[in-house]
Amino acid sequence: MCTRGLTFGLMSIGAAGLSAAQNIDSRFDSFPTYAGEDLELAISQQGIKFSLWSPEADAVRVRIYPTDRNSDPLEIIDLTKGENGVWRAIASADHIGHFYTFQIAHRGKWLDETPGIWAKAVGTNGHRAAIVNLDDTDPIAWESDKGPKVESINDVVLYEMHHRDFSMHPSSGIVHKGKFLALTEQGTTTPSGDKTGIDHLKELGITHVHILPSYDYNSVDEANLQSNQYNWGYDPYNYNAPEGSYSTDPANPISRIREMKEMIQALHNAGIGVVMDVVYNHTANDDDSNFSLTAPGYYYRHRQDGSYSDASGCGNETASDRQQMRNFIINSVKYWASEYHIDGFRFDLMAIHDTETMTEVAKALKEINPSIFVYGEGWTAGDSPLPVERRALKENVAKMEGIAVFSDDIRDAIKGHYSNAADRGFATGKPGNEETVKIGIVASTAHPQVDYTKGNNSKFAYASSPSQIINYVSCHDDLTLTDKLAKSMPDASVEERLRAARLAQTIVFTSQGTPFMFAGEEVFRDKHGVHNSYKSPDSINAIDWTQKRTYADQFNYYKELIRLRKEHPAFRMRTAEEIAKNIVFDKVYEPNLISYSIKNNANGDEWKEIKLVFNGSDEAKTVKVGKGDWTIIAEDGKINADGMGNTRGGNLTVAPRSALILARVK
Ligand code: CA
């Protein structure tokens, strides 16, 4: 989840811990802090107020420029040290439309210029911040823009996408390929007439898009966009301004802001929410990052020898346990939620942050909009000086109200280990994963019939509520599901792999918790076997939308599966107690076979009982189902939420690599 795309799905790194090394950074604890939300730039009637938090600076100045690059300053203003470690100055309002940088003197030396850490508008490549009145960035009717109301995160269906993946392929029919504006285009289709873009999302039925990093990141040269560079964007540069390469004009600071807002507005008008992927755990640079150039050392954790600690695997890690860093994270997400109407946040390598910060993040966001939700990767990519018990690990999620974590348990159990391409899982015929799949079905909550000691990854029921769990089988990291199936089932036909993918997603979408899918898997999208495509070209990453026709049955299956989940609250129970009471596993102990019921009109469902049987083996299995008036919802790789025939129960055959779903109303 960084430029190196490392993923550590297992708890071993997080929980192995380190020997409580004394943090040499303890001197920072005595620094004064400032929680205000007006740092760096505030425009008012009196003029332009500059301020910079830098308790250790000897001197601070701001340079005001006429353009975003290649120009000399119009004015250089010295800031004066005030309360709470904040330096301040006022400039004339005539500078609106101009650009600025800060520069501090530290231990007798002037450091490099920086746009600061609170630049909300920037020019090309984000090197200079812009003096912009944010009201001038609002699209028409922005004041009435609103995201979908969310009662529980478990009602959400997440769709993870990258701007370029989604629209770059010629078959998308989209004009603004690879841009924020791609998601504002209505009525786009493939050459053969299948819906693409935002219309495709509506047709599929997902509730929220989770967009890969869209803040201003470092790797793509915004001055050279014609070269079609690609990056996931896990290399943060300016946390509070949008990425320029996704705008039509990176040199114009208003364009990236307005176009991102237009994208959000278009999605909201389609009833779709927007989740932002945020990466506060590390920065692209270290000594010359904006954090280091404003308050050297303060925002990072260090090792005993003074080097950067590296729990991110990307060269450094930030220090959320330090007050001003915590303030930064909280104020930053609050800013995106209020200025951009963002509906949810996905925290990269969340366990680098502390549980207290994450709890405060969730609380602050709920105050802005109760529909906002927060989830993250409950692991780190390396060791950290932060004690294990304070890390926002998935094993600590019960301590964090309002936070959810990805279940690597269900992910690896269904398809096989993420880092071993050839490894198979429950849905691809490898025995021994049944109990871990059950852990996923009950959203990692305590259940009398689930033996956590047999879990592959976690050995205890770490979630206290299904609202704390995100279920998935694949994401941008590692092999796509299509590629994983190709590498782990090399002798299988395409039809057999399509069946395995349908079974895998059926388990995810009928499990308790919140389902998450990777964009394009509904059209059997692959990445040519590239597992870490963070900077691969569009030829690897772009979704070929002609596959929507080639794999029309697959698309229709996914669409119907999503409809089934959305129409039936039984798949979205609210509490661990309900799950323990209403989910009953049948006494089936064959490899790659799970049979269970959701009973008692769970969570107000019209269906009294739902029977789900998953057969991950390559042979047909027989299961005994109680007598009753059952409607067949899914069978032999087909699904229809309205039903497709009836059965009286008894001994039923479940086809290889498929799900059998039955429902009865009495
Ligand atoms: Ca950038």
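Which residue in β14 is the bridge partner of Asp 277? I put this at the head of the page, and the partner I found in β14 is Arg 346. I note at once that what I am reading is a predicted model.

**Entry 1: confidence**

Before going further I looked up the confidence, and found that the mean pLDDT of the chain is 95, with 96% of its residues reaching 70 or more. The exception I marked is the stretch of residues 2–22, where the pLDDT is below 50, although the model gives this stretch 58 contacts beyond near neighbours in sequence. I leave those contacts uninterpreted, because predicted coordinates should not be read in detail where pLDDT is low.

**Entry 2: the barrel**

I then went back to the strands around my opening question. Strand β13 (residues 273–278) pairs with strand β14 (residues 344–347) in the parallel sense, and I noted four bridges between them. Both strands belong to a barrel, which eight strands close in the order β9-β10-β13-β14-β15-β16-β17-β18, with parallel pairing. Ignoring direction, I recorded that neighbouring strands of this sheet are turned by 30 degrees against each other on average. On the helix that lies across part of this sheet, I wrote down that α4 (residues 253–269) covers β10 (208–211) and β13, and that α4 runs at about 135 degrees to β13.

**Entry 3: α6 against α7**

Next I looked up how helix α6 (residues 323–340) meets helix α7 (residues 355–368), and found that their axes come within 10 Å and cross at roughly 25 degrees. Angles under 35 degrees count as roughly parallel, and α6 and α7 are therefore roughly parallel to each other. The crossing in which α6 passes α7 is right-handed. From α6 the contact draws on Arg 326, Ile 329, Ile 330, Val 333, Lys 334 and Ala 337, while α7 contributes Glu 356, Thr 357, Glu 360, Val 361, Ala 364, Leu 365 and Ile 368. Sorting the residues of this contact by class, I have eight nonpolar, one polar and four charged.

**Entry 4: α8 against α9**

How do the axes of helix α8 (residues 408–415) and helix α9 (residues 434–441) cross? I found that they come within 8 Å and cross at roughly 140 degrees, and α8 and α9 are therefore oblique to each other. Here the crossing of α8 past α9 is left-handed. The contact involves Asp 409, Ile 410, Ala 413 and Ile 414 on the α8 side, and Thr 436, Val 437, Ile 439, Gly 440 and Ile 441 on the α9 side. In this contact of α8 with α9 I noted six nonpolar residues, two polar and one charged.

**Entry 5: α3 against α14**

I turned to helix α3 (residues 197–204) and helix α14 (residues 552–567), which pack at an angle of about 60 degrees with their axes 8 Å apart. The two helices, α3 and α14, are therefore oblique to each other. On the α3 side I listed His 200, Glu 203 and Leu 204, which meet Phe 555, Tyr 558, Lys 559 and Ile 562 in α14. The contact of α3 with α14 divides by class into four nonpolar, one polar and two charged residues.

**Entry 6: β3, β4 and β5**

For the antiparallel strands I began with β3 (residues 59–65) and β4 (residues 75–81), which pair over five bridges, and I found Arg 63 standing opposite Ile 76 in β4. Strand β4 is also joined to strand β5 (residues 86–91) by two bridges, again in the antiparallel sense, and here Thr 80 has Arg 88 in β5 as its bridge partner. In the hairpin of β4 and β5, with four residues between the strands, I noted that Asn 84 takes a positive phi near 60 degrees.

**Entry 7: the partners of β23**

My last search was around strand β23 (residues 630–635), which pairs with strand β25 (residues 646–647) in the antiparallel sense over two bridges, Thr 631 standing opposite Asn 646 in β25. β23 also pairs with strand β27 (residues 658–664), antiparallel and over three bridges, and there Ala 634 stands opposite Ile 661. To strand β24 (residues 638–639), β23 is joined by two bridges in an antiparallel arrangement, with Lys 638 in β24 as the bridge partner of Glu 635. Which residue takes a positive phi in the hairpin of β23 and β24? I found Asp 636, with a phi near 50 degrees, in a hairpin that has two residues between the strands.

How values were computed
Residues numbered from 1 in each chain as written. Predicted model: local features only at pLDDT ≥ 70, side-chain atom pairs only at ≥ 80, totals over all residues. Heavy atoms only, no water. Pairing = 2+ DSSP bridges. pLDDT = per-residue confidence, 0-100. Contact = heavy atoms within 4.5 Å. Axes fitted to C-alpha atoms, helices over the stretch in contact; angles between N-to-C directions. Parallel < 35°, antiparallel > 145°, perpendicular 65-115°, else oblique. Left-handed = near helix turned anticlockwise from the far one by under 90°. Nonpolar A, V, L, I, M, F, W, Y, C, P; charged D, E, K, R; others polar.
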